Amino acid sequence: MGAPLLKQWLKTPALVGAIMPSSRHLAMVMARYAGGAGMLVELGAGTGTITAELVRQHPSVPLVLFEQNRTLAGRLLSRFPHAAIVAECFHARTELLADMPDDAVFVSSLPFRSLPRQIAVPTIASLHRLLADAPQRRLIQFTYQPRAPFNAPSGLVWRRCVTVWRNAPPAGVWELSMQSRSAGNDHQTAITPPAFPGY
Ligand SMILES: C[S@@+](CC[C@H](N)C(=O)[O-])C[C@H]1O[C@@H](n2cnc3c(N)ncnc32)[C@H](O)[C@@H]1O
């Protein structure tokens with residue numbers, strides 16, 4: 001399962017950002033935090049580890065997958081035939097989300113800290129616009145860094161949800177949403193102890 005990602009990482013390390021897929025434990029936590037979504041939009045679905053868990057936990061929720069790597073996107077297509085798969089950079093095809101519901105949730109593995117600036121900047125701008133359009137929308141993002149995945153655009157706030165230790169390397173799971181939505185709902189202290197013991 002790990003070899004396809006390693007192979008693509010060797011070609012474009014900054015875009016792929018990891019040599020091993022996300023662990024099942026990380027996938028379970030990411031999918032759990034996406035609960036309540038009326039539509040799921042996964043960014044950087046890669047080998048489909050998190051996708052599989054999204055499908056398992058939220059079987060009736062429409063699913064859109066963005067994966068810029070055509071080899072990985074092709075594998076996702078055969079594994080998840082009911083998902084809409086976009087084999088391009090997310091920021092280049094956001095018009096496909098014009099009719100997304102107000103309660104859509106983004107679930108992202110994008111490696112923001114290594115993405116080239118010309119991709120990271122428009123990607124964050126696209127997320128900013130889509131989240132600001134509807135206060136219920138959220139982005140669930142993991143990072144290997146001890147800080148937020150990227151600086152919160154104006155009007156949005158990060159909350160740190162939990163650390164998943166059973167992942168290589170351990171990953172922090174974060175949620176980005178409109179400031180109004182997070183007010184009085186700041187779970188930053190949930191990091192210790194983890195919200196999901198055993199992960
Ligand atoms: C860390 S890897 C995938 C992790 C995934 N959870 C897994 O287990 O395989 C990040 C993925 O994001 C994809 N990616 C990077 N930039 C992207 C972009 N702008 N739009 C869509 N996919 C992107 C890469 O091709 C790579 O497959």
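Okay, before anything else, one definition: when I say two residues are in contact, I mean they have heavy atoms within 4.5 Å. You'll need that for the helix I want to start with, and keep in mind throughout that this is a predicted model.

So, the overall layout. The chain has 7 helices and 7 strands. Going along the sequence, the order is α-α-α-β-α-β-α-β-β-α-β-β-β-α. There are 199 residues, and 50% of them are buried. Now take the contacts between residues at least 6 apart in sequence: 65% of those join residues at least 24 apart.

Right, helix H5, residues 70–79. Which of its residues are buried? Leu72, Ala73 and Leu76. These three span an arc of only 100 degrees around the axis, so they sit on the same side of H5. If you want the background, an α-helix has 3.6 residues a turn, so residues three or four places apart point the same way. On the face turned away from that buried side, you find Arg70 and Ser78, and those are exposed.

What sits over the buried residues of H5? The cover includes helix H1 (3–11), H4, strand S2 (63–66) and strand S3 (84–86). And at the start of H5 there's a nice detail: Asn69 has a side-chain oxygen that comes to within 3.0 Å of the backbone nitrogen of Thr71.

Let me stay with H4 for a second, since H4 is part of that cover. Thr51 is in helix H4, and with 0% relative accessibility, Thr51 is buried. Setting aside residues up to four places away in sequence, Thr51 touches Glu42, Ala45, Leu63, Leu65, Leu76 and Phe80. Leu76 there is one of the buried residues of H5 we just met.

On to the pockets, which I suspect is what you came for. How much space is in the largest pocket? About 610 Å³. Its lining has 39 residues, and the ones nearest the centre are Leu15, Val16, Ser109, Leu110 and Pro111. By class, that lining breaks down into 21 nonpolar, 15 polar and 3 charged residues. Helix H2 (13–16), helix H4 (49–57), helix H6 (117–132) and strand S5 (138–143) each put in at least two residues. Of the elements, S5 gives the most, with 3 residues.

The second largest pocket holds about 170 Å³. That one is lined by 13 residues, with Val55, Pro59, Leu63, His82 and Ala83 closest to its centre. Here the split is 10 nonpolar, 2 polar and 1 charged. Leu63, by the way, is one of the residues Thr51 touches.

Back to the largest pocket, and to Ser109, which is among the residues nearest its centre. Where is Ser109? In the loop between S4 and H6. Ser109 has a relative accessible area of 17%, and the cut-off for buried is under 20%, so Ser109 counts as buried. Leaving out neighbours within four places in sequence, Ser109 is in contact with Ser22, Leu43, Gly44, Ile50, Gln141 and Phe142.

Leu115 is also in a loop, the one between strand S4 (104–108) and H6. Leu115 is buried too, at 10% relative accessible area. What does Leu115 touch, not counting residues up to four places away? Ala14, Leu15 and Ala120. The Leu15 pairing is the one I'd point at on the screen: Leu115 and Leu15 are 100 residues apart in sequence, yet 5.4 Å apart in space, C-alpha to C-alpha. And Leu15 is on that list of residues nearest the centre of the largest pocket.

Last stop, a peptide bond. As a reminder, most peptide bonds are trans. The one joining Ala168 and Pro169 is cis, with omega at about -10 degrees. Pro169 is in the loop between strand S6 (156–164) and strand S7 (171–178).

Which loop holds Ile19? The one between H2 and helix H3 (24–33). Ile19 is partly exposed, at 42% relative accessibility. Ile19 and Ala168 are 149 residues apart in sequence and 9.7 Å apart in space, again C-alpha to C-alpha.

That's my tour, so over to you.

Technical notes:
Residues numbered from 1 in each chain as written. Predicted model: local features only at pLDDT ≥ 70, side-chain atom pairs only at ≥ 80, totals over all residues. Heavy atoms only, no water. 1 Å grid on protein atoms, 1.4 Å probe; cavity = no way out; pocket = protein on both sides within 12 Å on 5 of 7 lines; lining within 4 Å. Points joined across faces, edges and corners; volume = space filled by probe spheres on them. Helix = DSSP H or I, 4+ residues; strand = E, 2+ residues; numbered from the N terminus. Nonpolar A, V, L, I, M, F, W, Y, C, P; charged D, E, K, R; others polar. Buried < 20%, exposed > 50% of the residue type's maximum accessible area, 1.4 Å probe, protein only. Arc of directions from axis to C-beta. Polar contact = N/O pair within 3.5 Å; in protein donor to acceptor, adjacent residues only side chain to side chain.
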